[in-house]
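Hi there,

Here is the structure I promised to pass on to you. Have a look at it, and then read my notes below.

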Amino acid sequence: MDLLIKNGKIVSAAAAYTADVAVKGEKIVQVGIGIEPAPGAKVVDATGKLVLPGAIDAHTHLAMPFGGTVSADDYEAGTRAAACGGTTTVFDFALQDFGERMEDTVKRREEICAPQATVDYAFHVGVKDAEGNLLDSLETCVEYGVPSFKVFMVYDFGVTDGVFYRVLERSKDIGALIAVHAENNEMVNMFVKRFLAEGKTSAWHHYLSRPEFVEGEADERAIAWAKSLNAPLYIVHLANKQGMDAVTRARNEGYPVFAETCPQYLHFTNEVYKRENGRNWVCSPPIKGEASRDALWAGLLRGDIATVATDHCPFLQAEKDWGLHDFTKIPNGCAGIENMYPYMLSEANKGRLSYSKVVEVCATAPAKIFGLSDQKGAIRPGLDADIVLYDPQKNFTIENALMHGAGDHTVWEGVQLKGYPAATYSRGALVYQDGKFLGKKGAGRFVKCKPIRITGPDISNIK
Ligand code: DUC
Ligand code: ZN
Ligand code: ZN
């Protein structure tokens, strides 16, 4: 072994127990009590600390052209921030160009990402075009190691209902999983037109143009189509109660329907859009009212939220300010990649949920759902040594000045956390310690995922 982490409390999705973790090269080789250090091995005393699998952020938009600009964190800045928040794998959305085969979309983004990434990365493809034989390229993309795809029901590059259905239909046979950004495009466009005509242009009207039912109705429709095909479905960034209820119903009926929510939907409510700087929270779907926030927490605790991810998509303040007098000009998205694990763990530390639940939704479940559980997502011999040492005693107040991305503001400014990551290891290499990034540009690797074959709502038997 090269590294021995001693006396920490290891947290899995099922339990917490005191033990040692031995690492050789990039892998965890042993977990047990009283492991003796090999000659020359570095010994880290983790007494009083939690030993956690690195988080997997299943939803990020790095260097993404969007909203008239490009999101502020490129692959270097985004993965650097991830490492400093205990996230050791990021899934990025590679957006297909019209006419482009899906695996070519991945290769195009991989070329940009590979020299920059400081921690490991995987991709989902954002599908824009499935005409002609492009539908067949779903399968070649699965074979290439990217079995997950996202369709958008909104935006100018969103797909028609027919394309969504055909993609879902094909996904079942080829080991793919379809994720959906669910909002009703017609309704959004109607409200936006009406508000602009009435001179109602504040950030609050961003929320009013995409209220609860605009998302909930689209969730229900997407679930109906997935159910009709018995195809697995993953709803990204679920933010509303109506959709949460629909997910729960489908899961209770035995369908493989999975929901992801994000820390911003668990922490804030739509009241943020009434603030003077409300535009900084503008993202889609928007943050909803208190009843939705409560429903998401309840869904998370009862197991109907499968994962928590960030939808990290930061823009600079000057870009957010484009929408000072017109909410439609605000690039949609917020920073979160460095805050997800610390926020969720802090909520556990404050007693709202268990540490095991946090490990489940932020690491183990995304690894299982997206086909990388043979590589990541738990502290287990044979898996990559992606490890976080967490100090439950360290209090931390989030400030943009202390963050490690390229953003110049954060919606998390001033939020007080109980406990904070003390160190992060990425495949055995120390990439973060006590506030400092220690990793290397280009050290992150492309993680190829296995085909996804999920037939029911229970993922506990996926190894
Ligand atoms: N929503 C956002 O707010 N930003 C990125 C893409 C998305 O769907
Ligand atoms: Zn989205
Ligand atoms: Zn997104």
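Let me start with a definition: rings of Phe, Tyr and Trp (its six-membered ring) pair if their centres lie within 6.5 Å, and planes under 30 degrees apart count as stacked, over 60 as edge-to-face and the rest as tilted. A search of the whole structure finds 20 aromatic pairs. One of them joins Y155 and F157, tilted, with 5.4 Å from centre to centre and 35° between the planes. Y155 and F157 are both buried (under 20% relative accessible area; exposed is over 50% and partly exposed in between, with a 1.4 Å probe and protein chains only). Together with F66 and F152, Y155 and F157 make one aromatic cluster.

Before going on, please keep in mind that this is a predicted model, where local features need pLDDT of at least 70, side-chain atom pairs count only at pLDDT 80 or more, and totals for chains, interfaces and linings use all residues. Residues are numbered from 1 along each chain as its sequence is written, chains are lettered from A and ligands numbered from 1 in the order in which they are written, and side-chain values use heavy atoms, leaving out hydrogens and water.

Now the sheet. Helices (H or I, at least four residues) and strands (E, at least two) are DSSP runs, numbered from the N terminus, and two strands pair if DSSP finds at least two bridges between them. Eight strands form an open, parallel sheet in the order β6-β9-β10-β11-β12-β13-β14-β15. At the edges stand β6 (55–60) and β15 (307–308), each with a single partner strand, so one side of each has no neighbour in the sheet. Inside the order, β9 (residues 87–95) and β10 (residues 120–127) run parallel and are joined by seven bridges; V90 has Y121 as its bridge partner in β10. Helix α13 (residues 355–369) packs on the sheet and touches β6, β12, β13, β14 (257–261) and β15, where contact means heavy atoms within 4.5 Å.

What about the metals? Donors are N, O and S atoms within 2.8 Å of the metal (3.2 Å for Na, K and Ca), and water is not among the atoms, so sites may look incomplete. Which residues are the protein donors of the zinc ion (ligand 3)? They are H59 (NE2), H61 (NE2) and D311 (OD), lying 2.0 to 2.1 Å from the ion. H59 lies in strand β6 and D311 in the loop between β15 and α11 (317–320), so the pair ties together parts that are 252 residues apart in sequence. H59 counts as buried at 0% relative accessibility, and D311 is buried at 9%.

For the zinc ion (ligand 2), the protein donors are K150 (NZ), H181 (ND1) and H237 (NE2), at 2.1 to 2.5 Å. The two zinc ions, ligand 2 and ligand 3, are 3.4 Å apart. H181 lies in strand β12 and H237 in the loop between β13 and α8 (241–252), so this pair links parts that are 56 residues apart in sequence. H181 is buried at 1% relative accessibility, and H237 is buried at 1% too.

Finally, take a look at helix α12 (residues 340–349): 10 of its 10 residues are buried, so the helix is largely enclosed by the rest of the structure. After α12 comes G351, with a positive phi near 100°.

Enjoy exploring!

Methods: Axes are lines fitted to C-alpha atoms, for helices over the stretch in contact, and angles run from 0 to 180 degrees between N-to-C directions.
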